[in-house]
Amino acid sequence: MANNINTSNTANKLQAAAQGIRGNNPGSNQNQPSGISKNLISDFMRAPKIDSMISNTLGEPGKKEQFVSSVISLWSENRDLQEADRASVLQACMKAAVLDLPIDKNLGFAWVIAYDTNVGTEDNPKWVKMAQCQLGYKAFIQFALRTGKYHKINAIPIYQGQLKGFNYLTEEYELDFSVKESVEPIGYMAYYKLLDGFEKTVYWSREEVEKHRQKFNKKRDKKAMNHVWSKNYDAMALKTVINNMLSKWGLLTTQLQNDLKVADEAERIDITPIVDGDKEPQPQLTQAQ
């Protein structure tokens, strides 16, 4: 996709869209447009009210048709999404669209995942499948490169024996990639260099990543891993580190600030804990052209 969607105020747009396509109870079908097959998301998206919402959000007719085709393809290939609330599927896909990210799971930028969610109360639970858009670490690299200010940006896992030392104050470090004494990473390192020569390096130990994961885990058992972390721990850890680096120390142009804000806020809109079943490819050094 070309990056020509205005993501300003996107979180509010998504919230308004969610309110427009379903009522406060996401597990209920009573507020979905009448005359629609309960099984086909294509019928759901082509209902006048929803079709208008998609058009208003995406703008260009060609982009709208591409988006609709992508959602139908994604939904038809995923049984979990077929069982999920269709409004949540559409909302999750819209999040990726307004961030100008493809939802093809093989590309590793964003995934739309279904998760069992209690939309009732703790005393009177009502479980339904809801969809969530999960961004990969490659999305955050893309956000940075879009600014035209970054020369290089990357994040990698570090294994036992590779890191000889890291000075958190000066960010000086010594690495030996010829050594690999562990199967699991002991930490994760992220780095960027701006076109003007400024550099930033951060390192998180696996314990620090795990502490962060548990802090923001939406499961009742904070130590329990959801599907995305259990199957893609390293990819999620890399995303955590690179997102933190950009948010705290990145050159935050207006566009990058907005992309990071949308990526954060959209996940908090009437949607549920994230899960993922497709492993991201190993990170490669990405350099601005």
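User: Let's start with helix H7 and helix H10: how are they oriented, roughly parallel or roughly perpendicular?
Analyst: Happy to look at that in this predicted model. Helix H7 covers residues 137-146 and helix H10 covers residues 233-249, and their axes lie 8 Å apart. They pack at an angle of about 25°, and angles under 35 degrees count as roughly parallel. That makes the orientation of H7 to H10 roughly parallel.

User: Which hand does the crossing of H7 and H10 have, and which class of residue makes up most of the contact, by number?
Analyst: The crossing of H7 and H10 is left-handed. On the H7 side the contact uses Tyr 137, Phe 140, Ile 141 and Ala 144, while H10 brings Ala 235, Leu 238, Lys 239, Ile 242, Asn 243 and Leu 246. By class there is one charged residue and one polar residue, and the other eight are nonpolar.

User: H10 also packs against helix H8. What is the orientation of that pair?
Analyst: Helix H8 spans residues 206-215, and its axis is 11 Å from that of H10. The packing angle is about 85°, and 65 to 115 degrees is the range for roughly perpendicular. H8 and H10 are therefore roughly perpendicular.

User: How many charged residues take part in the contact of H8 with H10?
Analyst: H8 contributes Arg 206, Val 209, Glu 210, His 212 and Arg 213, and H10 contributes Tyr 233, Asp 234, Ala 237, Thr 240 and Val 241. Sorted by class, these give four nonpolar and two polar residues, and the number of charged ones is four.

User: Moving on to H4 and H6, how do those two helices lie relative to each other?
Analyst: Helix H4 takes in residues 61-76 and helix H6 residues 86-98. Their axes come within 11 Å and cross at roughly 130°, and H4 passes H6 in a right-handed crossing. An angle over 145 would count as roughly antiparallel. At roughly 130°, H4 is therefore, relative to H6, oblique.

User: How many nonpolar residues are in the contact of H4 with H6?
Analyst: From H4 come Phe 67, Val 71, Leu 74 and Trp 75, and from H6 come Val 89, Leu 90, Cys 93, Met 94 and Ala 97. No polar and no charged residues are among them, and the nonpolar count is nine.

User: Which element gives the most residues to the largest nonpolar core?
Analyst: That core has 63 residues, and those with the most contacts inside it are Phe 67, Leu 90, Leu 135 and Phe 143. As a general point, nonpolar side chains in soluble globular proteins tend to be buried together. With nine residues, the element that gives the most to this core is H6.

User: Which charged residue is in contact with Phe 143, leaving aside its neighbours within four places in sequence?
Analyst: Phe 143 is in contact with Leu 99, Leu 101, Leu 135, Leu 256, Leu 260 and Ala 263. Asp counts as charged, and the contact list of Phe 143 also holds Asp 259.

User: Now for backbone details: is Asp 100 buried or exposed?
Analyst: Asp 100 sits in the loop between H6 and S1. Its phi is positive, about 60°, although it is not a glycine. Because its relative accessibility is 5%, Asp 100 counts as buried.

User: What about Glu 171, buried or exposed?
Analyst: Glu 171 belongs to the loop between strand S4 (163-166) and strand S5 (173-175). Its phi is also positive, near 65°, in a residue other than glycine. Buried means under 20%, and with 17% relative accessibility Glu 171 counts as buried.

User: How far is Val 228 from Ile 113, C-alpha to C-alpha?
Analyst: Val 228 is in helix H9, residues 227-231, and it is buried, with a relative accessible area of 0%. Although Val 228 and Ile 113 are 115 residues apart along the chain, their C-alpha atoms are separated by 9.2 Å.

User: And how exposed is Val 119?
Analyst: Val 119 lies in the loop between strand S1 (110-118) and strand S2 (127-135). Its C-alpha is 9.6 Å from that of Lys 129, which is 10 residues away in sequence. With a relative accessible area of 23%, Val 119 is partly exposed.

Technical notes
Residues are numbered from 1 along each chain as its sequence is written. This is a predicted model: local features need pLDDT of at least 70, side-chain atom pairs count only at pLDDT 80 or more; totals for chains, interfaces and linings use all residues. Side-chain values use heavy atoms; hydrogens and water are left out. Axes are lines fitted to C-alpha atoms, for helices over the stretch in contact, and angles run from 0 to 180 degrees between N-to-C directions. Helices (H or I, at least four residues) and strands (E, at least two) are DSSP runs, numbered from the N terminus. A crossing is left-handed if the near helix is turned anticlockwise from the far one by less than a right angle, and right-handed if clockwise. Contact means heavy atoms within 4.5 Å. A nonpolar core is a set of buried Ala, Val, Leu, Ile, Met, Phe, Trp, Tyr and Cys residues joined through side-chain atoms within 4.5 Å. Buried means under 20% relative accessible area, exposed over 50%, partly exposed in between (1.4 Å probe, protein chains only).
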